[in-house]
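Colleague: I should like to go through the assignments in this entry and hear the grounds for each. Please set every value against its criterion.

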Amino acid sequence: MKSIAIVCILLFAMAASADSPKPRQVGSADGQPVFEFELSNGRITAKFLSYGGIIRELHVPDKVGVKADVVLGFDDLLGYLAGHPYFGCITGRVSNRVAKGKFTVEGKEYTLATNNGPHSLHGGAKGLDKRVWKGEYVSDNGVKFTYRSPDGEEGYPGNLDISVTYYLTPANEWKIEYEAKADKATPVSLTQHAYFNLAGHESGDILGHELQLMAAKYTPADGTLIPTGEMRPVQGTPFDFTKAKPLGKDLSAAGGEPIGFDLNYIITPGRKWPALAAKLKDPKSGRTMEVYTTEPGIQLYTGNFLDGKNIGKGGAIYKQYGGVCLECQLFPDAVNHPEFMSPVLVPTKTYRQTTIYKFGAE
Ligand code: BGC
């Protein structure tokens, strides 16, 4: 009887370990192995790297079930290690810009690594996007990445323990849960920097994609993309996406250097939580994407700086406007703007964010 029970337990354990997928080592960075994790909900599939928490592939069906890979990226880790404009990665500690790389927290001034003219962009010279995270599969069809950002990294105060968990849910959502704990007060504003092209990553520009933003106001910025502190209505400006319109429609009128959208919108709080912030649609394939978030801001960036120099998956050439980013986060440079929601995380609190990209076809 006892031996039958042992055999049963062994068989069960073998079946369970056969079921739990193994991440695939795809190379190494900073002397540490980097793994790729694959998730599927039966309809959408995705591949993630433990380097930078990168989404490398995301295959989504159109209305007749034909799948396309809708995120820009590279075939292998080397593509990412060679340098890239933040394709599909986690950015931080503070996403977007910190003016002149300086801020004061609890009476002490800190100086960050600057990497964008005089400013610090997306966490500095070696932000979270260029770090090797630990990864593990978790239940409910997820993969969890964790990283300890040490005290002083890129100039930021305190140790920061970060986790980012990606799920593919039965409702065709790519759901992202972020958490962070600090042992000294530090600014934190994380985001996912995926460039989406719902017609397929290699299909050309996104100017025909229709976008609606649940945002009646935006935060205007100066020529170096630092917010002025104003919160201005979008009504009557090229930045108005309160009704769906093609991204290309008012792109030239939006100006910028290079021309295109690169601005933070203030999400109008909804009744549901996380709130619906954006709807994107590719009229040709019918693929749609809704964005839900707990964050107050969403950065619309139309890939203005893409210049065809990045040779992506399958030899795809990513030209200007080849993808669109919808980055949910606190407002840019909020640490230097008392009028914006503070990004300062104190040791007694936990940073939490949920953002969902939900796919459909019509
Ligand atoms: C910023 C752009 C920046 C880009 C880098 C976006 O989040 O808003 O200004 O050039 O990231 O890829």
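Colleague: Where is R93 found?

Modeller: R93 is in the loop between β6 (90-91) and β7 (97-98). Strands here are DSSP runs of E with at least two residues, numbered from the N terminus, so the two-residue run 90-91 qualifies as a strand. The peptide bond from G92 to R93 is cis, with omega near 10 degrees.

Colleague: On what footing do these values stand?

Modeller: This is a predicted model, in which local features need pLDDT of at least 70 and side-chain atom pairs count only at pLDDT 80 or more, while totals for chains, interfaces and linings use all residues. Residues are numbered from 1 along each chain as its sequence is written, and side-chain values use heavy atoms, with hydrogens and water left out.

Colleague: Which residues does a second cis peptide bond join, with omega about 0 degrees?

Modeller: That bond joins W273 and P274; P274 lies in the loop between β21 (262-266) and β22 (275-281).

Colleague: What makes N172 worth noting?

Modeller: N172 has a positive phi of about 60 degrees although it is not a glycine. Its place is in the loop between β13 (160-168) and β14 (173-182).

Colleague: Why are β24 and β25 called paired?

Modeller: Pairing requires that DSSP find at least two bridges between two strands. Strand β24 (residues 297-301) and β25 have five, in the antiparallel sense, and therefore meet the criterion. One bridge joins G297 to Q329 in β25. The open sheet has five strands in the order β19-β18-β21-β24-β25, with antiparallel pairing; its edge strands, β19 (232-233) and β25 (325-329), each pair on one side only.

Colleague: What makes the approach of H193 to the ligand a polar contact?

Modeller: A polar contact is a pair of N or O atoms within 3.5 Å. A polar side-chain atom of H193 lies 2.8 Å from a ligand oxygen atom, and one of Y195 lies 3.1 Å from a ligand oxygen atom, so both satisfy the limit. The protein covers 95% of the 310 Å² of accessible area that the ligand has on its own (Shrake-Rupley method, 1.4 Å probe).

Colleague: How many residues surround the ligand?

Modeller: The shell holds 13 residues, the closest being R97, H122, H193, D262 and E327; membership requires a heavy atom within 4 Å.

Terms used. Polar contact = N/O pair within 3.5 Å; in protein donor to acceptor, adjacent residues only side chain to side chain. Helix = DSSP H or I, 4+ residues; strand = E, 2+ residues; numbered from the N terminus.
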